[in-house]
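User: I keep meeting labels such as "salt bridge" and "buried". Please show me how each label is earned.

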Amino acid sequence: MRDVVEIGRGKTGRRGLGLSEVSLVPSRRTRDVDDVSTAWQLDAYRFDIPCVAHPSDATMSPAAAAALTSQGGLGVLNAEGLWCRYEDPTELLTELANLDEVDATRRLQKVYSEPIKPALITERVKQMRDGGGTVAVRVSPQHTIALAPVILDAGIDILVIQGTLVSAEHVSTRDEPLNLKEFIADLDVPVVVGGCTNYTTALHLMRTGAAGVIVGVGADLWSTTDDVLGIAVPMATAIADAAAARRDYLDETGGRYVHLIADGEVESSGDIAKAIACGADAVMLGGALSEAEEAPAGGAWWHSAASHPKLPRGMYRPADPERTNVSMETLLHGPSHEPYGGHNLFGGLRRSMAKCGYSNLKEFQRVELTVA
């Protein structure tokens with residue numbers, strides 16, 4: 001039964017729940033943690049952990065993407081980021097790691113005003129390929145038609161079309177909109193699209209032929225999408241709605257399964273467990289990856305939308321001088337030397353699954369939840 005709240009006369013709203021408002025309920029059995037699998041598969045590509053990187057230059061370089069892939073996740077490089085604008089952005093990233101927070105947005109906008117260089121996209125894809133593992137590159141819907149041919153010719157494995165919000169039916173009286181269904185139908189590589197926030201949009205994105213749908217707008221403590229656009233997504237509800245769309249699409253197509261990637265409110269291993277329990281197949285990690293030694297900005301964090309030239313939607317977070325960064329392996333697989341769930345992220349997920357009695361991610365999606 002839907003929980004509808006009357007906002008005022010003539011206006012109601014459905015109550016939504018965030019990940020912090022739900023909790024897992026263990027079943028009648030537990031399992032040995034060594035008998036639990038966190039593996040998942042997107043199209044032909046198998047991953048040991050349900051982790052996809054948010055395509056921010058703060059955390060993803062060609063080397064960092066390869067490092068994440070080597071640890072069982074999926075690194076994603078931004079085709080509109082610094083690595084595809086500058087021949088060598090290393091010194092620039094060192095500067096960006098230590099910005100004055102007051103002037104940070106202006107500086108990010110200035111740095112990202114450098115034009116994208118198609119030749120660098122090809123070079124970065126080659127570097128990722130040489131690093132080993134699955135190669136994924138992100139492009140925004142606005143630049144997909146212009147940049148996708150270069151990205152595809154470079155030889156990627158997975159294309160990620162990601163914006164704050166993406167729909168299958170964009171309307172424009174000025175420009176020819178991207179027709180996702182026609183575009184995806186012509187590709188030989190799997191495509192992940194998003195974000196989306198509700199059942200209807202998720203279902204429409206699935207009908208484009210996408211292999212995966214991103215649920216959420218990347219909301220975390222440093223996101224300002226709510227302040228700028230008034231759009232906030234309670235992630236537990238958003239994931240569950242998208243999971244319902246996936247179930248209906250599965251019936252509609254006679255068995256085509258579309259993977260859901262949760263992007264928002266995911267900061268700890270407990271958040272990862274809750275996102276999977278609500279129906280996600282994987283999570284998109286952003287700021288959580290900034291503590292990895294491999295992160296190119298040395299612990300600083302900003303969203304890919306934080307540098308928008310006209311309407312930035314994300315605050316800059318400088319590196320914390322009190323914290324010591326850890327290796328990507330420690331961050332993802334441990335061992336952890338703190339009790340807050342920020343390290344050994346997927347070891348925490350495995351233990352949560354074991355405590356609740358489930359042996360794989362698909363089973364774990366059926367775990368009982370309670371509302372705080």
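User: What makes the contact of arginine 14 and aspartate 241 a salt bridge?
Analyst: A salt bridge needs a side-chain nitrogen of Lys or Arg within 4 Å of a carboxyl oxygen of Asp or Glu. In this predicted model, the side chains of arginine 14 and aspartate 241 meet at 2.5 Å, N to O. That is within the cut-off, so the label fits. The pair links distant parts of the chain: arginine 14 is in strand 2 (residues 11-14) and aspartate 241 in helix 9 (residues 235-253), 227 residues apart. Helices (H or I, at least four residues) and strands (E, at least two) are DSSP runs, numbered from the N terminus.

User: Why can such side chains pair at all?
Analyst: Opposite charges can pair when the charged atoms of the side chains come close.

User: Is aspartate 241 called buried or exposed, and why?
Analyst: Buried means under 20% relative accessible area, exposed over 50%, and partly exposed in between (1.4 Å probe, protein chains only). Aspartate 241 has 16%, so it is buried. Its partner, arginine 14, has 41%, so arginine 14 is partly exposed.

User: What can be trusted in the model, and how are residues counted?
Analyst: The model is predicted: local features need pLDDT of at least 70, side-chain atom pairs count only at pLDDT 80 or more, and totals for chains, interfaces and linings use all residues. Residues are numbered from 1 along each chain as its sequence is written, and side-chain values use heavy atoms, leaving out hydrogens and water.

User: How do you know that aspartate 281 and arginine 246 form a salt bridge?
Analyst: Their side chains meet at 2.6 Å, N to O. Aspartate 281 sits in the loop between helix 10 (269-278) and strand 13 (282-285), and arginine 246 in helix 9, 35 residues apart. At 5% relative accessibility, aspartate 281 counts as buried. Arginine 246, at 7%, is buried as well. Salt bridges that share partners join Arg246, Asp281 and Lys362 into one network.

User: What about arginine 247 and aspartate 248?
Analyst: Their side chains meet in a salt bridge at 3.6 Å, N to O. Aspartate 248 has 28% relative accessibility, so it counts as partly exposed.

User: How many salt bridges does the structure hold?
Analyst: The structure holds 14.

User: Why does the size of the chain agree with a compact globule?
Analyst: The rule, for a radius of gyration over C-alpha atoms, is 2.2 Å times the number of residues to the power 0.38. With 372 residues, that gives near 21 Å; the protein chain has 20 Å, so the two agree. Buried residues make up 52% of the 372.
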